[in-house]
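Subject: Structure handover

Dear colleague,

I am passing the structure below on to you, and my notes on it follow. Please keep it open beside this message while you read.

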Amino acid sequence: MIGTCTEGWGGDWFGLAVHGFATSHIDALCHIFHQSKLYNGYPIEEVTAHGALKLSIDALRDGIVSRGVLLDIPGAKGRDHLEPGEPILLEDLKEAEQFGRVAVEPGDVLFVRTGRWKLYESLGEVLSPDSLAGLHASCLPWLHERGIAALGSDAISDVLPSRVEGVMMPVHSVAIASMGLHLIDNLDFERLSEECRRQQRWAFQLVIAPLVIERATGSPVTPIAIF
């Protein structure tokens with residue numbers, strides 16, 4: 001006999017690959033290693049088949065609250081978007097600071113807009129991730145000098161191709177493994193850039209709350225900018 005019941009529930013199971021070119025996510029410091037070392041010199045053996053024993057994303061279990069700064073690179077040039085594979089150079093960062101009348105300071109979470117989603121909108125298609133606008137490796141000393149706390153992009157921060165022989169993503173390699181910067185990839189800055197333009201403010205309070213996943217190399221995120 002099959003009984004009847006007036007009560008019930010719905011449920012879901014979620015599974016996703018955090019890293020890559022689609023999901024908005026934040027990288028843990030165990031995500032990238034260089035010369036067989038993680039950040040702070042930990043050996044790569046600390047990242048195991050059962051998860052990361054050091055530097056996993058649950059180190060951010062209390063979240064991130066800081067000043068966010070948006071540098072709108074194409075906006076500073078009077079354009080909607082950068083072209084595929086277009087490198088962002090030091091002079092472009094400085095130009096965007098002047099455009100936004102803002103200076104990147106120690107402790108800031110820096111967002112760098114390439115206009116990736118405007119590009120896809122104009123083309124009517126999503127391009128191969130083999131060619132993405134982003135930061136050239138020569139910007140790394142400037143990022144270190146400014147003392148930023150984290151770096152976010154509407155692409156993956158690195159320009160692709162990198163133009164550094166033998167290194168696919170030098171910004172990822174140096175920023176994470178040597179500088180200890182969490183990188184936030186595949187964000188959508190279009191509404192944010194519109195609000196920054198409307199208010200003529202390119203700095204805001206920023207709140208980021210990664211999922212508390214023990215031993216994970218990253219987490220999906222939806223950062224919130226508060227004006």
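Strands E6 and E8 run parallel and are joined by four bridges, where strands are DSSP runs of E with at least two residues, helices are runs of H or I with at least four residues, and both are numbered from the N terminus. Within this pair, Phe111 has Gly152 of E8 as its bridge partner.

Before going further, please note that this is a predicted model, in which local features need pLDDT of at least 70 and side-chain atom pairs count only at pLDDT 80 or more, while totals for chains, interfaces and linings use all residues. Residues are numbered from 1 along each chain as its sequence is written, and side-chain values use heavy atoms, with hydrogens and water left out.

E8 is also joined to E9, by three bridges and again in parallel, and here Gly152 has Ile184 of E9 as its bridge partner. Between these two strands the chain passes through helix H5 (residues 170–177) in a right-handed β-α-β crossover, meaning that, with the strands pointing away from the viewer, the path from the first strand over the helix to the second runs clockwise. On E9 (residues 182–185), Ile184 is also the bridge partner of Ile26, in an antiparallel pairing of two bridges with strand E1 (residues 25–27).

These strands belong to an open, mixed sheet of eight, ordered E11-E1-E9-E8-E6-E4-E10-E12, with two strands counted as paired if DSSP finds at least two bridges between them. Strand E11 (218–220) and strand E12 (224–226) are the edges, and because each has a single partner strand, one side of each lacks a neighbour in the sheet.

Strand E8 (residues 150–153) is covered on both faces, with Ala150 and Gly152 buried on one side and Leu151 and Ser153 buried on the other; buried means under 20% relative accessible area, with a 1.4 Å probe and protein chains only.

The largest nonpolar core has 53 residues, among which Leu71, Leu110 and Phe111 touch the most other members; such a core is a set of buried Ala, Val, Leu, Ile, Met, Phe, Trp, Tyr and Cys residues joined through side-chain atoms within 4.5 Å. A second, separate core of six residues includes Tyr120 and Leu132.

Finally, Cys30 counts as buried because its relative accessibility is 3%, and Cys139 counts as buried at 1%. A search of the whole structure finds zero disulfides, a disulfide being a pair of cysteine sulfur atoms within 2.5 Å.

With best wishes

How values were computed. Buried < 20%, exposed > 50% of the residue type's maximum accessible area, 1.4 Å probe, protein only.
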